[in-house]
2 protein chains.
Amino acid sequence: MEGECRVAVVLPAGGCGERLGGCTPKQYCPVLGRPLISRTLEAFERVGWISDIVVVVAPESVDLMKNIIRRYGHKLVSLVEGGVTRHRSIFNGLRAFVEDHSLGPALKKPEVVIIHDAVRPFVDEETLLQVTSATRQYGAAGMVRPLVSTVIAPSSDGCLDHSLDRAKHRASEMPQAFLFDVLYKAYLQCSDYDLDFGTECLHLALAYSKTRAKLLEGPPDLWKVTYKRDLYAAESIIKDGISKHLCIITNIKEEAVQIGFRLHENLKSHIKVNKSFTGPVEFIEFLFHHLGNSQPKFLKQKSCKLIDLLQAAQAGASYQSVVVSQSGSEMQKLSKIRELAKEVQKSDLLLYGLLINFSKEESQLEDGARQASAIITALITDRNPALTGQVMVV
Amino acid sequence: MEGECRVAVVLPAGGCGERLGGCTPKQYCPVLGRPLISRTLEAFERVGWISDIVVVVAPESVDLMKNIIRRYGHKLVSLVEGGVTRHRSIFNGLRAFVEDHSLGPALKKPEVVIIHDAVRPFVDEETLLQVTSATRQYGAAGMVRPLVSTVIAPSSDGCLDHSLDRAKHRASEMPQAFLFDVLYKAYLQCSDYDLDFGTECLHLALAYSKTRAKLLEGPPDLWKVTYKRDLYAAESIIKDGISKHLCIITNIKEEAVQIGFRLHENLKSHIKVNKSFTGPVEFIEFLFHHLGNSQPKFLKQKSCKLIDLLQAAQAGASYQSVVVSQSGSEMQKLSKIRELAKEVQKSDLLLYGLLINFSKEESQLEDGARQASAIITALITDRNPALTGQVMVV
Ligand SMILES: [Mg+2]
Ligand SMILES: [Mg+2]
């Protein structure tokens, strides 16, 4: 986005999540140990050209949300108290740009405002660019998806009245974007009925600001986390994403380098292995599995103990998983791994041990590397904290 | 369902699964090691009053489907070759009840035919009863769900034309059911355009058989596995279901009974523990985690070795996971567990070791039981075959 266009986000997060069947609103449910809304905020914060994020929360969730902002270090976020319906909450969010609101002073008014849902964590920069660009051209824009199910209209007695042509309709998804004035004007002019029973911002823009929104086909991962199964699906998508980053670090002994090479070869088919390194590492093999795109900091350090490596690495990333594998049957190290795992788990690092009993024979070496790779993949994929500190044997 | 009403199922499974982004049609994708369609068939086979299941498959998938039927022991299934569209496939399926078809003789015509999707594995007897009963009263019936997203209609230039009132529309889901003659007549009379571009059987029944289907609100788990994330969600739902069945079996030594009791107490908060048993078991603790509602057979046996127990238990169930935990530091048993795990994995049993080093002190005993329970829960929840034969230590 070019510098001259100010873009802000309003994120209504006041819903009560009744569809999940639990009492925690779904935006606050943990997904891999982190509340869903924090993952959504992170997605916006990765985009450089967003000026403000207004999160609209239920009054009873203000403290919870403040804690989340502090715990995960969110920037750009302003909190506003929600209304009793989605539209009233969004309207409150918009007001934060034109008047002082209960939780702080007015924010600088943007040219474009993006409306999104707290429960759609997989929004990416490309989508945000598209919806913003289309908005600057058309005044409003929204993502749509093909309908998965046919939509039908029931008659008053609960029987089929008619069914809709699936090809002629779309599911309206998020994000949507609006010229700020288009949406704000629509909210100022719309009826109480709209505010209480409407769901579609694009409709308000059309009805009250005469703005026909551009509809853009979005990617499938924009779906709304609605049911419990959606939380599982979200978790799996995050795990899939995480599994793309893995470094293998070995020390400089010839045996270790060989094992590292074989693991690399075998892991390639399960996980994308970014790079392998050789360096003065305390353990013979050290597999580092990290989230995010940045190079772990510790690779720049020349020499340090494993625990320092792990903690240095933690500094930049939010959630990580580590596998240490050691060669030979140095059983005294087993209890050390457990202590170490307990220590680093405080910083959200998951550490597992893997003992590789390599024989010298070529065929067994290859077989061992294959088994070790399968175990590493399993540990990294499942990320189960209950197994940290355990030592697997190959 | 009373005996006088014959009910059959037609399961169109000819789709090409393009939405998954892979080339395996989604009905054949493995979910916890078993093709999705096999899980759907299992759901119907659990219901006693279904007479036939006609699976309509693409010609190129007939052999694959035959293998699945053999491998998982499906009864009641007849195969029919599909047409080029969903409606043509269903029509072919119906024809199997009135004329000899290419893959076998005609089946006995049912009063009610249920149409379902191969990619909706979580259909339950209650839903099938509801849809069948309503069909006997109304001539046709189908499950519906509230819309998750607002449905909108685009204009020809890709902008918003209008949005639909979410409260006045429903998503049409499966199963649907029809008096056989109602649906068959509709297919005989409908146009080629209907067969090629239509998607909704309820619409055909209305248009060509003047039958207004009863719409029934279905449970959320009836959703259609469409995207890759849906496979993960399906997997998690199955895992959740599986985790409800766990037996703790200990031998009759006092120490073992005590440990068994503590594990039971701790596991209760993670998993539903059905029962605990005490008997002449070779290992000190033996946790058996099984799928399905039937009592594992081996509980009736008086005395046998672990491997016999495991294999006897396997006979009735399709997929199981087992944890053996042993007390004391009998290290010579570690390699035995690995061999055993390899042996029973051939029968889809997953076996893990858990070594509990209990001290005599009360507080450590409790702490150990808590840790052991967390590990057992992790192993059972993740069901990761790569970790079988590994021994965890508490
Ligand atoms: Mg809206
Ligand atoms: Mg249909």
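Let me begin with a term: two strands pair if DSSP finds at least two bridges between them, and strands themselves are DSSP runs (E, at least two residues), numbered from the N terminus, as are helices (H or I, at least four residues).

This is a predicted model, in which local features need pLDDT of at least 70, side-chain atom pairs count only at pLDDT 80 or more, and totals for chains, interfaces and linings use all residues. Residues are numbered from 1 along each chain as its sequence is written, chains are lettered from A and ligands numbered from 1 in the order in which they are written, and side-chain values use heavy atoms, with hydrogens and water left out.

Where do strand S10 of chain A and strand S8 of chain B come in? Residues 170–179 of chain A form S10, and this strand pairs in the antiparallel sense with S8 (residues 150–154) of chain B over three bridges. Within S8(B), Thr150(B) is the bridge partner of Ser172(A).

I turn to the interface as a whole. Chain A and chain B each bring 64 residues to the contact, which is defined by heavy atoms within 4.5 Å. About 5,600 Å² is buried between the two chains, 55% of it on carbon and sulfur atoms; buried area is the accessible area (1.4 Å probe) lost on putting two parts together, summed over both. Of the area that chain A buries against chain B, 12% comes from Ile152(A), Leu160(A) and Arg229(A), more than from any other three residues.

Finally, the rule finds two salt bridges across this interface, with a side-chain nitrogen of Lys or Arg within 4 Å of a carboxyl oxygen of Asp or Glu. Arg212(B) and Asp157(A) meet in a salt bridge through their side chains, at 3.0 Å from N to O. Helix H8 (residues 228–242) of chain A gives the most to the side of chain A that touches chain B, with seven residues.
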